[in-house]
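Me: I'd like to understand the words people use for a protein model. Could you take me through them with this one?

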Amino acid sequence: MTSRLPAAPIGASTPSRRTVVKAAAATAALAAPLAAAPLAHAAEGPAFLHGVASGDPLPDGVLLWTRVTPTPDAVPGSGKGPDVTVRWEVAEDRGFSRTVSSGSTTARAASDHTVKADVRGLRPATTYYFRFSVGDASPAHSPVGRTRTTPAYDATAHGVRFGVVSCANWEAGYFSAYRHLADRTELDAVLHLGDYIYEYRSGEYPAAANVVRQHEPRHEIVTLSDYRVRHGAHKTDPDAQAMHAAHPVIAIWDDHEFADNTWSGGAGNHNATEGPWAGRMAAAKQAYFEWMPVRPSTEGTVHRRIRFGGLADLHLLDLRSFRSQQAGTGSGAVDDPDRTLTGRAQLDWLKSGLTSSGAAWKLVGTSVMISPVAFGSLPAHLLAPLAELVGLPKEGLAINTDQWDGYTDDRKELLAHLRDNKIQDTVFLTGDIHMAWANNVPARAATYPLSPSVATEFVVTSVSSDNLDDMLDVAPHTVSLAAVAALKTANRHVKWLDMDSHGYGVLDVTAERAQMDYYTLSDRTDPEATSSWVRSYRTLSGTQKVERVHEPVR
């Protein structure tokens, strides 16, 4: 996000550099074998030590993923181990007595022994089970995964429900949010909005004194091998394995999959001693596509569109590959029409898709917040840490130059397109800032509410990355209250803001409304952390405004 240091929502202390602004029973049966797999077979091979996953569902298919360890020395990033044939099966039941599709592929050292199977010929809106195997006489089987296809393109879907997460920092805490989403068998998919991994060396973010568990490798990741090792470590987390085994995951990247404050030609957390930026970015992308269940629509990017019947089109954005360098704070460059966040082709693609969409709801997955934020008058002791979290100068300017606030021409063009074409029921779904927000998105923030809201935005907090409390090392909902009040006063389109929690969201969409239920974790440093509902906001069809709801969708 911005230079390096702590990221946003929930708990630890400030790091040495600034990163941020980003800073059920069926599933329980899947989670147990997944958690045990790495321990049971760590010294053997071939084995499936990194679980299974699915992603990018379609009406007739889904992408399946796993990683094989063919020999004990063939660890992620090593380049060691023979190529092996991997078989996959898809069935209507967990016992695989009703297999509907099967095939084989090859796990190669050249792709870090990760494999993907793009399965087609399935039925729409149907739950399936899948597994992989290696060997002939007595094959080694992977854990069993559960996935689900989307409704037919022209079908009348009565509802769709997503888990929504972002910003999972291994060293800052455990991934309990993933476990709680795995336990929710009613979800159609989980939407991961970026910062699935972080690139820092151990003890940099969070600071060494606040590290809950050390990641691998211990140094900052720069090479292809480094990125593979870091992704591989994340796929050993039992909560991550449970989530991936329980639901298809629809993922986009943000900056920390590369380096803090990534733009097309560099990053805030990259210097000449770390080699050419183009090589580092290519390595990070290669490892991402190897290790994530993502079906790229265009090579080298994650922008794509997934449809859920006639109910919702999900437009997914890549806001790192094509953007101009972040403007200096206080610079008029934020309004320069020659600077871009999306790139011309992607912005045209999004506008065209929004215009032509026949779906009731237009959902946009964006890794950084589109709603404008002015800081107004904040006490000095709150301004500095908030500036860290959202990428502002500590003197305080009304611009977060890593988000849409730093690329106002792209935002103006997109919001004017929504207004001028009378495109209704557009909802932006956002991560990155480590805080939870519920916002109206005005066409012109400076004149809101005279300038009408043309969309709404739901922002989810972090899974584990630092928030305001963590940076200040204070109890939740204490000093942040003044900051929340000041921000809401200066930004009347912001209807709710939680700076103090870690957790996740559950988005439930029907023809009548889109509702985000916000859930928080009891303690990110506790691997058994509990989860509780805290707030809900919804957008009623045709209103382009958020309103509070006093209970979650059941």
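Reply: Happily! The protein chain has 10 helices and 24 strands, where helices (H or I, at least four residues) and strands (E, at least two) are DSSP runs, numbered from the N terminus. This is a predicted model, in which local features need pLDDT of at least 70, side-chain atom pairs count only at pLDDT 80 or more, and totals for chains, interfaces and linings use all residues. Residues are numbered from 1 along each chain as its sequence is written, and side-chain values use heavy atoms, leaving out hydrogens and water.

Me: Why is threonine 426 called buried?

Reply: Buried means under 20% relative accessible area, exposed over 50%, and partly exposed in between (1.4 Å probe, protein chains only). Threonine 426 has a relative accessible area of 1%, so it counts as buried. This residue lies in strand β17 (residues 426-430). Leaving aside neighbours within four places in sequence, its contacts (heavy atoms within 4.5 Å) are Leu354, Lys362, Val364, Leu418, Ala455 and Thr456.

Me: And what makes lysine 488 partly exposed?

Reply: Its relative accessibility is 32%, so lysine 488 falls in the partly exposed class. You'll find lysine 488 in helix α10 (residues 480-490).

Me: How do you know that helix α3 is largely enclosed by the rest of the structure?

Reply: Eight of the 11 residues of α3 (residues 224-234) are buried, so the helix is called largely enclosed. Among those buried residues are Asp226, Tyr227 and Arg228. Their cover includes α4 (238-246) and α5 (277-291).

Me: What percentage of the protein chain's residues count as buried?

Reply: Of its 554 residues, 63% do.
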